[in-house]
Amino acid sequence: MFNLRVGVVGAGIMGAGIAQRAATFGFSVTLVDKDDACLHAAEKRMAKSLDKMVEKGIILKDIEYDVLTLVAMTTDIKAVSSSDLVIEAVNENLELKQKVFMKLEQICPSNAILATNTSSIPIASLANVTRSPQRVVGLHFMNPVPVIPLVEVIRTDQTSDATFEACIEFLEEMQCETVQSKDSPGFIINRILIPMINEAVKVLESGVASAEDIDRAMVLGTKQPMGPLALADLIGLDTVVHILETLYAGFNDERYRPCPLLLDYVRGNRLGRKASHGFFDYRDDAEPFSCLTPYPKRRVSI
Ligand SMILES: NC(=O)c1ccc[n+]([C@@H]2O[C@H](COP(=O)([O-])OP(=O)(O)OC[C@H]3O[C@@H](n4cnc5c(N)ncnc54)[C@H](O)[C@@H]3O)[C@@H](O)[C@H]2O)c1
C-alpha cells in the first residue's frame, strides 16, 4: 500500500476529521494542537464519530481500535517533522497560517509536502512565506471529513507535478473524490456557498422569516440536505466570517461583506455547534431541521 506518514496541525473540527479519515484508511497520523484541551476534545469527537459509523455499518468494529491507535496526539509541532505530508488545519486566519507555514518550512525535511485545508485563503499567500513553494498545495476537505469524500485540490503556479500527483494518490487511497480549482479566493465551493449563507442571515436579520422557516424553505424547496443556517452552525460562524472577509478582500465586492447579525453572533461567542449555540441551540443534543428529519408516514390509495 501507498505508505505515507501524515501530520495534521490544528485538531479542531477539520483537523480531527482529516486525522480520523486518514487513520481509517491505515495511515499513521500525528495530530498537533497548541492546546491540550483541543486534543482531548478531538479524541472524544473521533471516538464518537467512529461509534456512529460502526452503528451505521459504514466501518467494521475491529477497525475502530486501529483507527485511534494510529493517531498520535501532541502539542509539540516538531513531532510532524517526520511526516511526508503535513496538512495545516488551524483557524482561518492568514497571519496565523503564515506563521505555521514558516515553522513547517524550518522543521520539515525538504521533500515533505506542505498542504493547507484553508477554506478560502489563496494558497500562494502561504506558499510565498516558504522557500519551497513547489511543495505547497491546497487540500480543501469538506465537513464532516469522515463522511463527505470530496476534496478540492488547489495548485498554485508554483506547485510541482510531483506534489500534486502524490496528493492525488493519497486522496485516492482514502477513497476521496477530487475536483481541481485555480488558486482564487474561496476556490469553487465557498465562493458559491458562503455568499448564500450570508444572504440567509440577511433574510433572518431583516425579519423576513424565522431561522426555522428559512432552513425548512431551503431543504424542502430546493432539496438541500440541510438549511443554510444549520450549515453555518456546522461550519462555525467565526469561520464563515473569516471566509467572507477573504472573499471581500479578494474581490473588493460589497456582496461578500459579512452581515452585521453574523458579526454580532461571533462577538457573542455564538459560534454554532462547536459552542453548542448559533442560529440553533444544540445544548440538549437537539438537531435542526434537515432532510433526515423524519415525516410521519401517510397512507394513500392511488
Ligand atoms: N469548519 C468547516 O466546516 C471547514 C470546512 C473546510 C475547511 N475548513 C478550514 O479548516 C481550517 C480549520 O477549521 P476548523 O473548523 O477545524 O477550526 P476550529 O476552530 O474547529 O479548529 C482550529 C484548531 O486549530 C488550533 N490551532 C490554532 N493555532 C494553532 C497553532 N499555532 N498550532 C496548532 N494548532 C493551532 C486551535 O486550537 C483549534 O483546535 C480553517 O482553515 C477552515 O477554514 C473548515
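Start by selecting the ligand in this predicted model, then show the residues around it: you should get 28 of them. Put labels on Gly-10, Gly-12, Met-14, Ser-119 and Asn-143, which are the closest.

Next, switch to cartoon view and find where that shell comes from. Three elements each give it two or more residues: helix H1 (13–24), helix H4 (94–107) and strand S6 (136–141). Which of them gives the largest share? Select H1, because that's the one, with three residues.

Now color the shell by residue class. You'll have 12 nonpolar residues, 11 polar ones and five charged ones to pick out.

Time to bring in the domains. Color 5–181 as domain 1 and 191–275 as domain 2, each in its own shade. Where does the ligand lie relative to them? Both domains give residues to the shell, so the ligand lies between them.

Zoom out and select the whole protein chain. As you follow the cartoon, you can count off 11 helices and eight strands. The chain's radius of gyration is 20 Å, close to the 19 Å that the globule rule gives for 302 residues, so this chain is as compact as a globular protein of that length. Rotate the C-alpha trace and you'll be looking at something that spans about 60 × 50 × 40 Å along its principal axes.

Last stop: the inside. Of the 302 residues in the chain, 42% are buried. Then try showing contacts between residues at least 6 apart in sequence: 68% of these join residues at least 24 apart.

Key:
Residues numbered from 1 in each chain as written. Predicted model: local features only at pLDDT ≥ 70, side-chain atom pairs only at ≥ 80, totals over all residues. Near = placed C-beta within 6 Å. Helix = DSSP H or I, 4+ residues; strand = E, 2+ residues; numbered from the N terminus. Nonpolar A, V, L, I, M, F, W, Y, C, P; charged D, E, K, R; others polar. Domains from an automatic or database assignment. Rg over C-alpha atoms; globule rule 2.2 N^0.38 Å. Buried ≥ 20, exposed ≤ 12 C-beta atoms within 10 Å, placed from the backbone. Contact = placed C-beta atoms within 7 Å.
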